[in-house]
Amino acid sequence: MSKTTRPGSRGATLADVGRAANVSPMTVSKVLRKTGRISEKTQERVMQAAVSLGYVNNQLASFLGSATSDIVCVLIPSASDSVFSEILSSISETLRPFDLRTFVGESNFNPEIEFEQVRSFLSIRPAGLILSGGVKRLAKTDDILAKHGSATVQIWDGDTRSGAANIGPSHKVAGRMMAEHFIKAGLKNVAYIGSELGADLCAAQRAQAFERTLRRHGVGFTAITSESVPRQAKGGAWLTEQMLNDHTGIEGVHFLNDAMALGGIRTMYQRGLNVPDQMQVTGFNGTSLATSVRTQLTTINMSYTDIGKAAAQSVMSLARGEAVAASQVQESCFVQGNSTIAPRPKAVL
């Protein structure tokens with residue numbers, strides 16, 4: 001009969017597993033840590049006993065006896081952002097065959113939270129760190145990372161160098177790319193709608209490049225932003241309502257992301273505006289493409305799987321003492337949807 005435990009009880013120990021498998025606690029430890037020369041039959045007996053007793057290895061105690069753990073820590077701004085869920089999935093899939101696991105935290109774009117999370121990560125001696133860019137990183141965070149010397153990779157921000165390797169799209173290029181689309185379409189008055197640009201440096205870089213490119217070509221520009229509105233469909237709807245109430249003559253709107261753009265389009269339809277004939281709309285990140293029904297957004301997409309894979313491969317190489325490319329800018333792909341009118345090619349005379 002297998003051993004059971006009650007809430008609050010100590011749970012099974014190495015000694016319990018050893019007694020069940022008829023081996024010493026040291027042998028159990030070696031089997032679980034995959035060290036020493038233990039016969040396959042004994043390994044199988046120990047693992048069966050551990051599973052039967054519900055034994056969970058004390059990872060922290062194991063880490064104290066080694067230079068690093070088998071965990072790669074990943075810090076992202078928000079787990080609710082589907083962009084990062086795809087990147088996380090790719091990181092885990094790439095690390096798993098090498099017996100490495102991920103430990104994930106959120107910063108909420110807060111540099112103090114990022115610092116505390118990094119300190120917590122380093123306490124378990126990770127095999128490496130993957131941190132998201134776009135956060136106003138504190139000097140003390142950079143200092144503790146430098147002193148610890150852990151293999152560190154930054155993702156998502158292809159414009160700002162940090163860590164030994166930097167992997168992600170250029171948000172400046174993405175902003176210029178979308179501005180050029182409106183310019184080629186002949187629009188004369190364009191708006192930007194977004195939220196939390198004071199905290200999200202990557203979004204701010206995109207918005208600034210978008211605005212600068214439009215103004216350089218003489219296009220009128222209006223920004224409708226908030227530091228508190230959610231970066232989801234309802235936030236896009238609220239800010240679009242504000243834009244329509246307070247501004248006239250706007251021909252096109254570029255939104256912070258696809259989710260906000262979809263909320264904005266819904267408000268436009270409710271106000272009797274036809275998209276794209278009366279208002280052209282663009283988003284960013286391509287998250288709407290898989291679920292488009294009536295409206296396929298014009299957006300900028302990229303391979304989030306490739307970002308995650310490159311980050312995982314880089315952190316493993318760094319942990320082995322191998323050199324990696326310091327800058328790995330991932331290509332952004334412009335996707336023409338039916339929420340904007342495709343620019344007509346110039347006639348050849």
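**Close-up views of a predicted model**

**View A. Helix H6 and helix H7 are roughly parallel to each other, a term for angles under 35 degrees (over 145 counts as roughly antiparallel, 65 to 115 as roughly perpendicular and the rest as oblique).** The model is predicted, so that local features need pLDDT of at least 70 and side-chain atom pairs count only at pLDDT 80 or more, while totals for chains, interfaces and linings use all residues. Residues are numbered from 1 along each chain as its sequence is written, and side-chain values use heavy atoms, with hydrogens and water left out. Helix H6 covers residues 111–122 and helix H7 residues 139–148, and their axes come within 9 Å and cross at roughly 15°. Here helices (H or I, at least four residues) and strands (E, at least two) are DSSP runs numbered from the N terminus, and axes are lines fitted to C-alpha atoms, for helices over the stretch in contact, with angles from 0 to 180 degrees between N-to-C directions. The crossing of H6 and H7 is left-handed, as the near helix is turned anticlockwise from the far one by less than a right angle (clockwise would be right-handed).

**View B. An open sheet of six strands has the order S2-S1-S3-S4-S5-S11, with parallel pairing.** At its edges stand strand S2 (101–106) and strand S11 (327–330), each of which pairs on one side only. Neighbouring strands of this sheet are turned against each other by 15° on average, direction ignored. Within the sheet, strand S1 (residues 71–76) runs parallel to strand S3 (residues 128–132), to which four bridges join it; two strands pair if DSSP finds at least two bridges between them. One such bridge links valine 72 to its partner in S3, glycine 128.

**View C. Another open sheet is built from four strands in the order S7-S6-S8-S9, again with parallel pairing.** Strand S7 (220–226) and strand S9 (280–282) are its edge strands, each pairing on one side only, and neighbouring strands are turned by 20° against each other on average, direction ignored. Strand S6 (residues 189–195) pairs with S7 over seven bridges in the parallel sense, and asparagine 189 stands opposite glycine 220 in S7.

**View D. The structure holds one cavity of 30 Å³ or more, and its volume is about 140 Å³.** Of the 13 residues that line this cavity, Asp81, Trp156, Asp200, Arg206 and Arg231 are the closest to its centre. On a 1 Å grid over the protein atoms alone, a cavity is a set of points where a 1.4 Å probe fits but cannot get out, and a pocket is an open set with protein on both sides within 12 Å along at least five of seven lines; lining residues have an atom within 4 Å of a point. The cavity lining divides into seven nonpolar, two polar and four charged residues.

**View E. The second largest pocket holds about 360 Å³ of space.** Its lining has 18 residues, of which Ser78, Ser80, Asp81, Arg231 and Gln232 lie nearest its centre.

**View F. A cis peptide bond joins valine 275 and proline 276, with omega about 15°.** Proline 276 is placed in the loop between helix H11 (258–270) and S9. In another loop, between helix H1 (14–21) and helix H2 (25–33), lies asparagine 22, which has a positive phi of about 60° although it is not a glycine.

Conventions: Grid points are joined across faces, edges and corners, and a volume is the space filled by probe spheres set on the points. Ala, Val, Leu, Ile, Met, Phe, Trp, Tyr, Cys and Pro count as nonpolar, Asp, Glu, Lys and Arg as charged, and the others, Gly among them, as polar.
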